[in-house]
Amino acid sequence: MQQSKLENRQITLASRPQGSPGNDNFALNVTAIPDIQDGQILLRTVYLSLDPYMRGRMSDAESYAEPVALGATMIGGTINRVESSRHADFSKGDWVLSYVVGWQDYGVSDGTDLVKLDPAQAPVSYALGMLGMPGFTAYMGLKDIGQPKAGETLVVAAATGPVGATVAQIGKLMGCKVVAIAGGEQKCRFAMENLGVDACIDHKADDFATQLAQACPDGIDIYFENVGGKVFDAVLPLLNTSARIPVCGTIATYNATGLPAGPDRLGLLMSTILVKRLTVKGFIIFDDYGHRYPEFASDMASWLAEGKMHYKEQVVDGLENAPDAFRGLLEGKNFGKLVIRVGDDELA
């Protein structure tokens, strides 16, 4: 279904998923384009970001943020063009980043939630990835919690995703030995050739844990955790004394409906934290570090301009394809930052 200039398509949460989200958990509704009042801006969505945290917002379990209400439009970061404005600070055609429009063609803002974008600085969609929330997550998690030092060994999971790829490259800029973990030969080749990592281990390999140990002969000083599951199981025995573990996600468990099979490893984890004096710290990027966004934005813009950072996007066309693409994201099928192209770049 192509975007119409006369209607607003919305993908809403129809029901709460049990396990992997299915098509029946979403509904595609068509409504009128909203009118705006004085002080408001009508936004048209060009790009929609798909991110793992959205799975948690589909659940009504207690979390750090309120769940999406049944029947409400799915949340998400968007790149929008100002379609019309009755606000003094915004003009038709402006590019903005928003977190209030979500999975729909059009939304209304009073301007307080918007960040203006300069398409001359970088492609505007980068504000959903390396120049946005994923890049900020990588930057602060690694610098503030990981505290990398030259010569240390940094291991990063999901290393070709928007967070992992940024962590890997910042780690190299700071003089670390970087061991990437990714799913499949193609992703590992990309990590080696484009991210400059020292090694990349395929977590799908039967001898994954053995390969990881061989790649980290001096142990692991920093493990950037955004996966969990069997990847963390392989990392745990390799952690050095005083290792640091920033935790921004555990995507391997997001669709889980119960505890994994096998022995209870909680006791092992807790004793390892004690004996090796590990620092394990979870963080929610804008809640914990929002005040440091200008620092990140300045450094990342400089690194990009100097050609020190490489970025990969996977763009899927069509708002109606967002549910399938999101399901694939949770299954590790994406390659790079996953973005939905919702509408045209140009104004009518």
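This passage describes the nonpolar cores, two helix contacts and several individual residues of the structure shown above, which is a predicted model.

A good place to begin is the interior. In soluble globular proteins, nonpolar side chains tend to be buried together. In this model, the largest nonpolar core holds 40 residues, and the members that touch the most others are Val167, Val197 and Met300. At least two residues of this core come from each of α2 (133-146), β8 (153-156), α3 (162-173), β9 (177-182), α4 (185-195), β11 (220-224), α8 (285-289) and α9 (293-305). Helix α2 gives the largest share, with 7 residues. The surroundings of Val197 can be followed by eye in the structure: leaving out residues up to four places away in sequence, Val197 touches Ala168, Val178, Ala180, Ala191 and Met192. There is also a second, separate core, made of 23 residues, with Tyr223, Phe232, Ala234 and Leu238 among them.

Helix α2 deserves a further look through its contacts with other helices. Two packed helices are described by the angle between their axes and the distance between the axes. For α2 and α3, the angle is about 45° and the axes are 8 Å apart. An angle under 35 degrees would count as roughly parallel and one from 65 to 115 as roughly perpendicular, so α2 and α3, falling in neither range, are oblique to each other. The crossing of α2 with α3 is right-handed. On the α2 side, the contact is made by Pro134, Gly135, Thr137, Ala138, Tyr139 and Leu142, while α3 brings Pro162, Val163, Thr166, Val167, Ile170 and Gly171. Sorted by class, the residues of this contact are 8 nonpolar and 4 polar, with no charged ones.

The contact of α2 with α9 has its own geometry. Here the axes come within 10 Å and cross at roughly 105°, and α2 is therefore roughly perpendicular to α9. Gly135, Phe136, Tyr139 and Lys143 of α2 meet Tyr293, Glu295, Phe296, Asp299 and Trp303 of α9. This contact divides into 5 nonpolar, 1 polar and 3 charged residues.

Two residues of α2 show what such packing looks like one side chain at a time. Ala138 lies in helix α2, and because its relative accessibility is 0%, Ala138 counts as buried. Beyond residues up to four places away in sequence, Ala138 touches Val163, Thr166, Val167 and Phe224. Ala138 and Gly171 are 33 residues apart in sequence, and their C-alpha atoms are 9.9 Å apart in space. Thr137 also has its place in helix α2. With a relative accessible area of 6%, Thr137 is buried. Not counting residues up to four places away in sequence, Thr137 touches Val163, Phe224, Cys248, Phe283 and Ile285.

Next comes the loop between β8 and α3, where Thr160 lies. Thr160 counts as buried because its relative accessibility, 7%, is under 20%. Apart from residues up to four places away in sequence, Thr160 touches Ala165, Ala182, Lys187, Phe190, Ala191, Phe335 and Gly336. Thr160 and Ala182 are 22 residues apart along the chain, and their C-alpha atoms are separated by 6.6 Å.

Lys187, one of the residues touched by Thr160, sits in helix α4. At 11% relative accessibility, Lys187 counts as buried. Leaving aside neighbours within four places in sequence, Lys187 is in contact with Thr160, Ala182, Gly332, Lys333, Asn334 and Phe335. Measures of separation can be read for this residue too: Lys187 and Asp118 are 69 residues apart in sequence and 31 Å apart in space, C-alpha to C-alpha.

Finally, the backbone has two details to look for. Ala158 has a positive phi of about 45° although it is not a glycine. Ala158 is found in the loop between β8 and α3, and at 34% relative accessibility Ala158 counts as partly exposed. Ser242, also a residue other than glycine, has a positive phi near 70°. Ser242 belongs to strand β12, which spans residues 239-247, and with 37% relative accessibility Ser242 counts as partly exposed.

Note on methods:
Residues numbered from 1 in each chain as written. Predicted model: local features only at pLDDT ≥ 70, side-chain atom pairs only at ≥ 80, totals over all residues. Heavy atoms only, no water. Core = buried A, V, L, I, M, F, W, Y, C linked by side-chain atoms within 4.5 Å. Buried < 20%, exposed > 50% of the residue type's maximum accessible area, 1.4 Å probe, protein only. Helix = DSSP H or I, 4+ residues; strand = E, 2+ residues; numbered from the N terminus. Contact = heavy atoms within 4.5 Å. Axes fitted to C-alpha atoms, helices over the stretch in contact; angles between N-to-C directions. Parallel < 35°, antiparallel > 145°, perpendicular 65-115°, else oblique. Left-handed = near helix turned anticlockwise from the far one by under 90°. Nonpolar A, V, L, I, M, F, W, Y, C, P; charged D, E, K, R; others polar.
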